[in-house]
Amino acid sequence: CRSLAARLGPVCLDAASFSRRRLSFGPQFVYTPESADKSLGETSRMNLFQAVTSALDNTLANDPSAVVFGEDVAFGGVFRCTVGLKDKYGKDRVFNTPLSEQGIVGFAIGHAVAGATTVAEIQFGDYIFPAFDQIANEASKYRYRSGNHFNCGSLTVRAPIGAVGHGALYHSQSPEGFFAHLPGIKVVIPRGPIQAKGLLLACINDPDPCFYFEPKILYRSAVEDVPVNGYVLPIGKAEVLIEGSDVTLIGYGTQVHVLREVARLAQSELGVSCELIDMRTILPFDEETVYASVCKTGRCLIAHEAPLTGGFGAELAASVQEHCFLNLEAPVRRVAGHDTPFPHIFENFYLPHQRRCLAAIKDLIGY
Amino acid sequence: MFAVIACGRLVQTDFQQVDANKFTLTIPAADKVNHLVFFLTGQCPLPDGAAAAVYLGWPQPPPSPPEPVWSFIGHLTNEKPSAIFKIARTRPQDHDPNHPFLANHFATGSWTDLTCVQVGISIEPVQTVAGMTPPAGTQADSTPTMVAFSQRMLESLVNYLSSFATTPPGAAESYVPMSAVTSSSAIRANLLLLRGGGGLFVSSRLASSAVLSTRPYKLHKLESGPASEAQVTSDEARKYYRDMATVRRMETAAGNLYKEKAIRGFCHLYSGQEACCVGMEAVLDRNDPVITAYRAHGWTYTRGVPVKAVLSELTGRASGCAKGKGGSMHMYNHNFYGGNGIVGAQVPLGAGIAFAQKYREDKRVCVTLYGDGAANQGQVFEAFNMAKLWDLPCIFVCENNKYGMGTAVERAAASTAYYTRGDYIPGLWVDAMDVITVREATRFAKDWCLSGKGPILLEMETYRYHGHSMSDPGTSYRTREEVQSMRQMRDPIASFRQTLLTAELVAEEELKEIDQSVRKEVDEAVQAAKTNAVPDPKELYTNVYSQPPSGQPNYRIRGIDQFTWSAN
């Protein structure tokens, strides 16, 4: 496997060479498997979609009120996240809905308000927008507007998001920025199978409505030994994956793995020690961990696939500068998708790939 | 051991052995079949001294019992392993009570279908078979000897040419112009005669137009429906055939390009649904706007985008109709508003376009297409309400191909009568596997809208042969047999071809030439799509807004960096 630097090479934008070289598409990273806490017991080799299935299996087994529904979930789902569940738990608990996102989410909110554990699937995050009114105006405000009389906390909505290499405009979007703007809901994005199962179970058990976005490119490419029993990981808590002293790298979902390589390259090419943080929860985000890290390193780079303006990185950057101002050695940098619709062509130039992040680190160090 | 071919269809070898020496097979839609070819496949020869007697069993219409009326039509032997039989005249007027197959009962569902015919083959001693005589009119003429052949050729040539004879003013006798003699159509017409196989084509000239019947419609809140017959000229027939054949070939080419990974991402093929776009375009003109969903390649072509531009858009080349920036689901042209990825989102847009037409008093209709899956989207009903409230000239068209991705319509919709789901909007159900049926329905709908009666809803019941997209094999939620039987029995192109040949509107040679020229066009387009230039890198960030904000001459799209704009 060629080294990353050789693979990307000098990023050459000459269109003719582009068509000759057939650059590989999509986020470029190598997935680093992690291992689960031994105390969680027996494990089984699972990729990310199997980890999701396992979490849903645990939920349906232990919670008689739990139902799972969405478009095409009965046969297993277009990403195979619900394979076998209908056969095991019956078609009145695992069922298909018609093609109506607003209807699906509205229906799910109602079901959750009535007290049932509801896991609704939106087939692609790009399709969630017809349901945005239900999420913004119903789900997020239920508890507040009823003075805690009612709530739809037993609702979890799952959707795949993110670049996949060939998704183009409507199968690659990262909508977490829109949801970060809604007080009352929680937004969670896992980086791998062990994280996925624990965070999904946490969302399902969480007393507030949760929006769980799965990076679709990791469904197959991320494989780990995942505990077969149920376990939860904390919502609202970021995780420091690599400790470092010079620059804090912040990301979530797929971008965490890109940043892992960036950290490695920064060390080997620039001699810079990076600290890597996976946010895991977008809303409410873990301020403590982030500020502690940036106050230590003094430099902060935030990277996400979603477009730059108004992306979640903007919130992080504003908060970091507010709380760590006197410790900052350089302005907070964000490397993000361009302010354009997610493109059909030149996807690998659009994404915040290693070279763009490394260039930003050079700017931070040399400020 | 045996095989049978009906004209224009795939060979059938699915004989069932019902007795020690008897085999049967069902031929569907045999009312359209004139000839059957039987042959020994050569897998194992007939036993010595035996012949295979071939019987046809036509079902009888009720109130007669459903047993077939069998008649002997001929035989095969090892020495004569193949034969052609004309079957058009073997239908239930003949009745032979003494044949081997009456003793068997065939409990197949095909007996309710009077257009199916059962074929029976019974292996019997040669002597028995030799004594049986088939009914008149079942034997195809055997190949004439050279003398007879030449005689017929000359006779038909004289016949043909004399039809061009004219008497110039002042002349004593008639003359035939040299152009009639030297034109290739003269030769073609003669070849057509000789290959007619015994008088099937009686005339020496093809018809210039014919009256074809349309398939039945279903009406919702309409007093009357479209015409049951339509005049079709041979030019129109050629055009429809050519357009459908081009769409079919183009989609096949797109599928192959996808498998070669020259196309990536999402690719939704239209194969099987060609009659819908071609039939509708026959009545629309380029000033009637059209908007559809993501299964858009067929519509893109009929809206005037050449095959080359469609395929180049799929491969992301600069020569694509959206400069390579849209891909499969976002193809556009004048008065063709795409190509839309989000299911159902195009329907309110269509209502809005129709409003613009009405506002400008344009006397145009807007055709807004959506699928059976989208029919359950809330925004579709919002669009219906606005269209009816404001009498918009909008033809809503539900292309019902029976499956929303992998979900059959019965499992997604409380009411699958999509043509009635406009409720207060009148609706028409159309058998959209026949291009003329679609055409007349569209004519009716366009007249309806333009006479100020407001919107109308057409349900085009059609079928897609491929899966939902190239990532879906299309066989996990429906049987291969279902797909095969649609291809064999209801293919829009094959059945239109048959209709044209039977009505003598277009010669078979011409159809072949059309097929060849379509193939050539698509092959060239595939080459271009694979080799044309990719877009300029700055297309990554152009066309976000109409132009950069004023007062910022050095404006750059946010988020990009020196990697992206160093090319400038």
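This passage describes the domains, interfaces and some local features of a predicted two-chain model.

Confidence comes first. The mean pLDDT of chain A is 92, and 93% of its residues score at least 70. Residues 1–23 of chain A are the stretch to treat with care, with pLDDT below 50. In the model, this stretch nevertheless has 40 contacts beyond near neighbours in sequence. Where pLDDT is low, predicted coordinates should not be read in detail.

The next topic is the interface between the two chains. Contact between them involves 41 residues of chain A and 43 residues of chain B. Together, chain A and chain B bury about 3,200 Å², with carbon and sulfur atoms accounting for 66% of that area. Zero salt bridges are counted between chain A and chain B, while the count of residue pairs in polar contact, both at pLDDT 80 or more, is eight. On the side of chain A that touches chain B, the elements giving two or more residues are helix H2 (15–21), strand S14 (333–337), helix H14 (347–350) and helix H15 (354–365). By class, this side of chain A is made up of 20 nonpolar, 13 polar and eight charged residues. A reader looking at helix H2 (15–21) of chain A in this interface may wish to recall that residues 1–23 of chain A have pLDDT below 50.

Within chain A, the domain assignment gives domain 1 (38–227) and domain 2 (239–366). The C-alpha centres of these two domains of chain A are 26 Å apart. Their contact draws on 27 residues from domain 1 of chain A and 22 residues from domain 2 of chain A. About 1,900 Å² is buried between domain 1 and domain 2 of chain A, and 60% of this lies on carbon and sulfur atoms. Of the area that domain 1 of chain A buries against domain 2 of chain A, 31% is supplied by A:Glu176, A:Ile189 and A:Arg191, more than by any other three residues.

Polar interactions also feature between the domains of chain A. The count between domain 1 and domain 2 of chain A is two salt bridges, and eleven residue pairs are in polar contact across this interface, both residues at pLDDT 80 or more. On the side of domain 1 of chain A that touches domain 2 of chain A, two or more residues come from each of helix H8 (176–179), strand S6 (186–188) and helix H9 (193–205) of chain A. That side of domain 1 of chain A divides into 16 nonpolar, eight polar and three charged residues. A:Arg191, one of the three residues named above for buried area, has its side chain in a salt bridge with that of A:Asp278, at 2.7 Å from N to O.

Chain B is likewise assigned two domains, domain 1 (2–158) and domain 2 (213–539). Taken over C-alpha atoms, 40 Å separate the centres of these domains of chain B. Five residues from domain 1 of chain B and four residues from domain 2 of chain B take part in the contact. The buried area between domain 1 and domain 2 of chain B is about 530 Å², with 57% contributed by carbon and sulfur atoms. Half of the share belonging to domain 1 of chain B can be traced to a named trio: B:Leu10, B:Pro28 and B:Lys32 supply 50% of the area that this domain buries against domain 2 of chain B, more than any other three residues. Between the two domains of chain B, the counts are zero salt bridges and zero residue pairs in polar contact, both at pLDDT 80 or more. The side of domain 1 of chain B that touches domain 2 of chain B has three nonpolar, no polar and two charged residues.

Some local features complete the description. Over all chains, the structure holds 41 salt bridges. One salt bridge joins the side chains of A:Arg158 and A:Glu214, at 2.6 Å from N to O. This pair links distant parts of the chain, with A:Arg158 in strand S5 (residues 155–161) and A:Glu214 in strand S7 (residues 210–215) of chain A, 56 residues apart. For the backbone, a cis peptide bond joins A:Leu283 and A:Pro284, with omega about -10°. A:Pro284 sits in the loop between strand S12 (281–283) and helix H12 (287–297) of chain A. In chain B, B:Asp423 has phi near 55°, a positive value in a residue other than glycine. The loop between helix H11 (409–412) and strand S17 (427–431) of chain B is where B:Asp423 is found.

Conventions: Residues are numbered from 1 along each chain as its sequence is written. Chains are lettered from A and ligands numbered from 1 in the order in which they are written. Side-chain values use heavy atoms; hydrogens and water are left out. Domain bounds come from an automatic or database domain assignment. Contact means heavy atoms within 4.5 Å. Buried area is the accessible area (1.4 Å probe) that two parts lose on being put together, summed over both. A salt bridge is a side-chain nitrogen of Lys or Arg within 4 Å of a carboxyl oxygen of Asp or Glu. A polar contact is a pair of N or O atoms within 3.5 Å; within protein, one must be able to donate a hydrogen and the other to accept it, and residues adjacent in sequence count only if both atoms are side-chain atoms. Ala, Val, Leu, Ile, Met, Phe, Trp, Tyr, Cys and Pro count as nonpolar, Asp, Glu, Lys and Arg as charged, and the others, Gly among them, as polar. pLDDT is the predictor's confidence in each residue, from 0 to 100. Helices (H or I, at least four residues) and strands (E, at least two) are DSSP runs, numbered from the N terminus.
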